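Opened the notebook to go through this one piece by piece. Starting with how the chain is divided, then on to the helices.

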Amino acid sequence: MEEIKIVLNEKEIPCAWYNIVADLPFQIPAGINPQTRKPLGKDDLRAIFPEQLIEQEISRKKWIAIPGHVRDIYRLWRPTPLRRARNLEKYLKVKSRIYYKDESVSPTGSHKTNTAVAQAFYNKQAGIKRLTTETGAGQWGAALSFACSMFSLGCRIYMVKVSFHQKPFRKSLMHIWGSEVIASPSEFSESGRQILRHDPHCQGSLGIAISEAVEEAVKRKDTNYSLGSVLNHVLLHQTVIGLETKRQLKLAGEAPDYLIACVGGGSNFGGFVFPFVKEKLQKGTLKIIAVEPTACPSLTKGKYAYDFGDTGGLTPLLKMFTLGHKFIPPGIHAGGLRYHGCSPLVSALRYKGIIESVAYHQLEVFKAAVLFAKLEGIVPAPETAHAVKAAIDIALKNSRRPRCIVLNFSGHGLLDLSAYDKFLNGELKNYAYPLCEIKKALNDLPLA
Ligand SMILES: Cc1ncc(COP(=O)(O)O)c(C=O)c1O
């Protein structure tokens, strides 16, 4: 009997995170201080990040030890299972084996907890009392709230206004773990007030919420900022996903032909695929595919250029695929994918042609998610559903070839059920690729 759950023992939780920078045959362009226009130094980051995370951000060391305390908390849900989607394979009548790495089993329901715990740990160690952050659909806000509660840190979360109202139960989770949740844009920050002056009904975006959270952290000595994606240290923490997957595939006697993950800021994608990239560079047959929404396709249609990570222009400039920091994506239900840019590490891999990207419309993504839930039982988060859709398409395209297809199941959708209700009632719509808005936003690139 073939196994459908490949599980590891607690002792097999990785002891170190993997830093892809050490294995890349090219340099990743450094961040830039927007005032001085010089490469970013440690001093530029000290106002909002603790020393250990700054070291990790710029490190070239291949392995970075995971502190015992962080590993102890990982033990609550890690290692996560690698599951085989047998029912889906049978339904599609394909010869491929489809596996999914199930990050939905974390206490907060997604991969975001992997970095939240690490970031809370290093901030606590540095004597910081509270953290601020942004959240879209609420997965990251919930994860950081959980982590802050583990380390008795205060936490204020600026939640994108459209999600604040669409996803009340993620807000409840954040409250249970003791965080304060504020609808962004808000009156709490100059960035928020400025936006509201121009547009009192603004629904918010991740870029705006980041500006509010960063502004507060810069102003308060006892407070740091924590980011749920994009930066090198965040993707580093997520490599536990790919490291475990590699071991699990080996146990199953498999070598992947396709690795697939959705991309917002790039953290679940990076964490899942980075440990495989060295082999891809050596052998080259593996295909690595990033999946995005058509409404916000930064890797697929964006420009590879320096841009701000936030709307208000408070962050350093990062070289990345971007749709322009002033672009406010349409209100798709995959709130975690509504980000104008993408991690510099993932962007560089895309620029060099090491990974590929595709984009899908909202309705086809929800259709694939419902099919997956019917066959495999787990309801995917709307973000995760993008990866599910791509895996189904690839399996169908290769229907006569026995491929090994592995996707990262970044989170469950049990707190996104109102979006599923709307889909089932025919109330969801597709958003066309917002060409005009993006063209306008790309005209505002800071170094253009
Ligand atoms: C379940 C889930 N998957 C994916 C993402 C996208 O983020 P990232 O690209 O950083 O993994 C999010 C973001 O909130 C998410 O909640």
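Below are my entries on the domains, one helix pair, one serine and a helix late in the chain.

**Domains.** First reminder to myself: this is a predicted model. I looked up the domain assignment, and it gives domain 1 as 18–65 + 112–225 and domain 2 as 79–109 + 233–442. I then checked the spacing: the centres of the two domains, taken over C-alpha atoms, are separated by 21 Å.

**Where they touch.** I find 47 residues of domain 1 in contact with 50 residues of domain 2. Which elements give two or more residues to the domain 1 side? I get helix H2 (51–58), H5, H6, helix H7 (161–166), helix H8 (168–176) and helix H10 (206–219). H10 gives the largest share of that side, seven residues. Sorting the domain 1 side by class, I have 24 nonpolar, 16 polar and seven charged residues.

**H5 against H6.** Two of those helices got a closer look. I noted that the axes of H5 (residues 113–125) and H6 (residues 139–150) come within 8 Å and cross at roughly 35°. The crossing is right-handed. On the H5 side I wrote down Thr113, Ala116, Val117, Gln119 and Ala120; they meet Ala143, Leu144, Phe146, Ala147, Cys148 and Met150 of H6. By class, I have nine nonpolar residues in this contact, two polar and no charged ones.

**Serine 145.** This serine sits in helix H6. Buried or exposed? I have it as buried, because 31 C-beta neighbours lie inside 10 Å, and the cut-off for buried is 20 or more. Leaving out residues up to four places away in sequence, I see serine 145 touching Cys155, Ile157, Leu173, Met174, Trp177, Gly178 and Ser179. I also checked serine 145 against phenylalanine 423: they are 278 residues apart in sequence, and 29 Å apart in space from C-alpha to C-alpha.

**H18.** Next I went to helix H18 (residues 435–442), where I find Ile438, Ala441 and Leu442 buried. Why do I say these residues line one face of the helix? Looking down the axis of H18, the buried residues fall within an arc of 95°, so they share one face. A general note for the margin: an α-helix has 3.6 residues a turn, so residues three or four places apart point the same way. Turned away from the buried side of H18 is a face carrying Cys436 and Lys439, both exposed. For what covers the buried residues of H18, I noted that strand E12 (303–308) is included.

How values were computed:
Residues numbered from 1 in each chain as written. Predicted model: local features only at pLDDT ≥ 70, side-chain atom pairs only at ≥ 80, totals over all residues. Axes fitted to C-alpha atoms, helices over the stretch in contact; angles between N-to-C directions. Helix = DSSP H or I, 4+ residues; strand = E, 2+ residues; numbered from the N terminus. Left-handed = near helix turned anticlockwise from the far one by under 90°. Contact = placed C-beta atoms within 7 Å. Nonpolar A, V, L, I, M, F, W, Y, C, P; charged D, E, K, R; others polar. Buried ≥ 20, exposed ≤ 12 C-beta atoms within 10 Å, placed from the backbone. Arc of directions from axis to C-beta. Domains from an automatic or database assignment.
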